Amino acid sequence: MKVIVIGCGKFGITISEYLNRQNHDVTVVDNNSEAFHSFNEDFTGKMVCGFGYDREVLEQAGITVADVLISCANNDSMNAVIASVAKNIYHVPTVIARMYDPVRARMFEAMGIYALSVTRLEVENIVEYLEDNKNWRVVRKLSNEDIQIVKARVSSGLEGTPVSELTVDDKIRLIALERHGNALFPQPDMVCECNDMLYLAVRRDCILQARELLKL
């Protein structure tokens, strides 16, 4: 996965180093270049100096192709802004924000942003959340990025759904699926089977609608 971590405090460094050891493509962002000296020598991730809410900085960090953004600055308002930009402007599939305020945390979770409160601020929490979200991944963004190719595993809630229901006008289109090791074009009489892997072309502004359609 392509992961962007905003903030090089103790937690930001810990999660960045962990994900880097798991062979994920990690980029860390901090406005203080001195913070980068705290990484272990074996850290091979990319480092970008700048403010995490700056779009130019985010684009330099690769947000247009990111699978995950984790904002763990030491300020709720900062994390709120960064998470909102990542989710609503760049449509990053998985956005995680650290929150000290439990009310704000609940509000963000209602918006599809995983808000990690300080009371559960452990690497294991994020790892567990990312594992749960392996059922969805943007595998390619085409040229102008208005169309994204999404790979999604059929959940138990989608099992038995006709594949014809997974195409919505010019917004979402099922283009292929994998079943028992075989790649197939969708046929009108097919229904989703548990653990099928679906490949869909999704318009960028319909990502949330696609996740709802797939019951993810």
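## A sheet of five strands and its salt bridges

Let's start with one pair of residues: Gln-148 stands opposite Val-202 in β11. Keep in mind that this is a predicted model. Gln-148 belongs to a strand too, since β8 covers residues 147–153.

How does this pair fit into the wider picture? Strands β8 and β11 pair in the antiparallel sense over seven bridges. They are part of an open sheet of five strands, which runs in the order β7-β8-β11-β9-β10 with antiparallel pairing. At the edges are β7 (136–142) and β10 (182–184), each of which pairs on one side only. On average, neighbouring strands in this sheet are turned by 20 degrees against each other, direction ignored.

Now let's walk through some of the neighbours. Strand β7 pairs with β8 in the antiparallel sense over six bridges, and Leu-142 stands opposite Ile-147 in β8. On the other side of β11, strand β9 (residues 172–179) pairs with β11, again antiparallel, over six bridges. There, Arg-173 stands opposite Ala-201 in β11.

Is strand β11 largely enclosed or largely open? Six of the seven residues in β11 (residues 197–203) are buried, so the rest of the structure largely encloses this strand. Arg-203, in contrast, is partly exposed, because its relative accessible area is 31%.

Next come the charged side chains. How many salt bridges are there? The count comes to five. Here are three of them, with the closest distance from N to O:

| Salt bridge | Distance, N to O |
|---|---|
| Lys-2 and Asp-25 | 3.9 Å |
| Asp-146 and Arg-204 | 3.4 Å |
| Asp-205 and Arg-203 | 2.8 Å |

The salt bridge of Lys-2 with Asp-25 links distant parts of the chain: Lys-2 lies in strand β1 (residues 2–6) and Asp-25 in strand β2 (residues 25–30), 23 residues apart. Lys-2 is buried at 11% relative accessible area, while Asp-25 counts as partly exposed at 43%.

Asp-146 and Arg-204 also meet in a salt bridge, and this pair too links distant parts of the chain, 58 residues apart. Asp-146 sits in the loop between β7 and β8, and Arg-204 in the loop between β11 and α6 (207–213). Asp-146 is partly exposed at 33% relative accessibility, and Arg-204 is partly exposed at 28%.

Asp-205, the partner of Arg-203, counts as exposed at 51% relative accessibility. Finally, Arg-179, Glu-193 and Asp-196 are joined into one network by salt bridges that share partners.

Terms used: Residues numbered from 1 in each chain as written. Predicted model: local features only at pLDDT ≥ 70, side-chain atom pairs only at ≥ 80, totals over all residues. Heavy atoms only, no water. Pairing = 2+ DSSP bridges. Helix = DSSP H or I, 4+ residues; strand = E, 2+ residues; numbered from the N terminus. Axes fitted to C-alpha atoms, helices over the stretch in contact; angles between N-to-C directions. Buried < 20%, exposed > 50% of the residue type's maximum accessible area, 1.4 Å probe, protein only. Salt bridge = Lys/Arg side-chain N within 4 Å of Asp/Glu carboxyl O.
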